[in-house]
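Reader: Hi! I'm in my first year and still learning to read protein models. Could you take me slowly through one part of this one, the side chains that sit close to one another?

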Amino acid sequence: MEGDSRIAPTLIHEVVTKAVMDHLLLTDEEQLLRTTVRNFADDVLAPRASAYDESGEFPADNVE
Amino acid sequence: MAELGLSGLGIDEAYGGSGGTARQGAIVAEELARGCTGTSTIYVAHQSLAAQFINMHGTEEHKQRYLPGMTAGQTIGAFALTEPGAGSDAAGIRTTAKRDGDDYVLNGSKVFITNATEAGVLIVLASLDRNLGSRGFVALIVDGETPGMTINAMHGKMGIRASSTCEVFFDDCRVPVTNRMGEEYEGFRSTMEVLNASRVGIAAQAVGVAQAAYEEAVKYAKQREAFGKTISEMQGIQWMIADMATEVEAARLLVMQAATLLDAGKPFVKEASMAKLFASRVAVETADRALQIHGGVGYFSPSTVERLYRDAKITEIYEGTSEIQRMIISRNVLSE
């Protein structure tokens, strides 16, 4: 009993932490993909979005 | 996008693709839309409709000829189904394909075609016999420079302006019979298979628009001061933010549910329509709330929320209007 009470909170903590960090229960590969594309969107797409909205030109540099 | 390998997502590795799942496709569509909705529209039309149509229904020769250039982002793809008299009622298309020797001869016109101006390859749906409705479809690959095809960019679009939206005219446009995907009279079924799968990506795009608007709202609420405090300290604003956060998360979960079912080879059409219906409404309502939180500043261009407010609306219209999604959902529910 004493052993259980020491282990259980740790396990619960690990499970909860993992659930929060692995948003939507994404796999490691999916989480990496999300981070990669999110960085691309923040660094490359978003800064140009207003200009392309204004000009209506094809964003060739985004597509490359 | 091509440099990151995104244009090859979902395409077989044998043709320059990187394989991948519907869940990955949804993640990519959402994140691209969060940065630039118009660019995500280009991506979905190119990758989920055009390249995926060839990947799913093309011959080995079609795949070898077209997919490597498309996955490298060198050849842009477009998908030409909608016509002036056939939007939601896609079976009513009037563009005809008449067999003449080793060619089909196309006559008719298409409208609201994304990417057509830039396209090196267009997937064109035409009717072999208009009396047959949806049972008369043929799916053809048409090269961008084919004589007899004229493409005009349409102007005055409310949002997603980075992507082109075009009219396409066919005047005795000859397409080799070898460019046909699938059998004659089976083009409608192929089209629905492609549209069903791509609907998950469009729903994900709507989540990306909503997420972007939500993030802008939170950022602004924390910095804007009124009555001696930031507006984020006011309960009216806090409740709006709570609703936005909850609805964006719910929309994302519906999208991932549909994608997970698709990846598992289980029925997903009802869930994809639910995701598209809900996520597009959340995009519109979240952009509306985000603009409201910005007040007058948000009503002027170039503000991000002003653009997102215009971008959001298309997600309720294209790739199946919200009314069509409700038809699909109720049809599935009532036949269960």
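Author: Happy to; here is a walk through the aromatic rings first, then a threonine, the cysteines, a helix and the other chain. Keep in mind that this is a predicted model.

Let's start with the rings. Over all chains, the structure holds 2 aromatic pairs. In one of them, the ring centres of B:Phe53 and B:Phe79 are 6.1 Å apart. Their planes meet at 35°, so this pair is called tilted. Now find the two residues along the chain: B:Phe53 belongs to helix 2 (residues 37-57) of chain B, while B:Phe79 belongs to strand 1 (residues 76-80) of chain B. They are 26 residues apart, and the pair links distant parts of the chain. Are these two rings buried or exposed? B:Phe53 is buried, at a relative accessible area of 0%, and B:Phe79 is buried too, at 10%.

The other pair joins B:Phe137 and B:Phe188, with ring centres 5.0 Å apart. Here the planes are at 80°, so the arrangement is edge-to-face. This pair also links distant parts of the chain, with the two positions 51 residues apart: B:Phe137 is in strand 5 (residues 137-143) of chain B, and B:Phe188 is in helix 4 (residues 187-223) of chain B. B:Phe137 is buried, with a relative accessible area of 0%.

A ring can have a charged neighbour as well. Look at B:Tyr104: B:Arg99 lies over the face of this ring, 5.8 Å from its centre.

Next, please find B:Thr95. This residue sits in the loop between strand 1 and strand 2 (96-100) of chain B. B:Thr95 is buried, since its relative accessible area is 0%. What does its side chain touch? One partner is the side chain of B:Glu83, with which the B:Thr95 side chain makes a polar contact at 2.7 Å. The side chain of B:Thr95 also reaches the backbone nitrogen of B:Ser109, at 3.3 Å.

Now for the cysteines. How many disulfides are there over all chains? A search of the whole structure finds 0. Take B:Cys36, which is in no disulfide: the nearest cysteine sulfur belongs to B:Cys166 and is 16 Å away. A disulfide needs two cysteine sulfur atoms within 2.5 Å, so a gap like that rules one out. B:Cys36 is buried, with a relative accessible area of 2%. B:Cys166 is in no disulfide either, and the nearest cysteine sulfur to it, that of B:Cys173, is 16 Å away. B:Cys166 counts as buried, at 0% relative accessibility.

Let's follow a helix from end to end. Helix 6 of chain B runs over residues 269-294, which makes 26 residues. From first C-alpha to last it reaches 37 Å, close to the 38 Å expected at 1.5 Å a residue. After helix 6 of chain B comes B:Gly295, whose phi is positive, near 65°. As you trace any such coil, remember that an α-helix has 3.6 residues a turn, so residues three or four places apart point the same way.

Finally, turn to chain A. It has 3 helices and 0 strands, and reads α-α-α along the sequence. Of its 64 residues, 25% are buried. Chain A exposes about 4400 Å², and carbon and sulfur atoms supply 61% of that area.

Terms used
Residues are numbered from 1 along each chain as its sequence is written. Chains are lettered from A and ligands numbered from 1 in the order in which they are written. This is a predicted model: local features need pLDDT of at least 70, side-chain atom pairs count only at pLDDT 80 or more; totals for chains, interfaces and linings use all residues. Side-chain values use heavy atoms; hydrogens and water are left out. Buried means under 20% relative accessible area, exposed over 50%, partly exposed in between (1.4 Å probe, protein chains only). Helices (H or I, at least four residues) and strands (E, at least two) are DSSP runs, numbered from the N terminus. Accessible areas come from the Shrake-Rupley method with a 1.4 Å probe; for residues, only the protein chains shown count as cover. The expected span of a helix is 1.5 Å times one less than its number of residues. Rings of Phe, Tyr and Trp (its six-membered ring) pair if their centres lie within 6.5 Å; planes under 30 degrees apart count as stacked, over 60 as edge-to-face and the rest as tilted. A charge sits over a ring if NZ of Lys or CZ of Arg is within 6 Å of the ring centre and within 35 degrees of the ring normal. A polar contact is a pair of N or O atoms within 3.5 Å; within protein, one must be able to donate a hydrogen and the other to accept it, and residues adjacent in sequence count only if both atoms are side-chain atoms.
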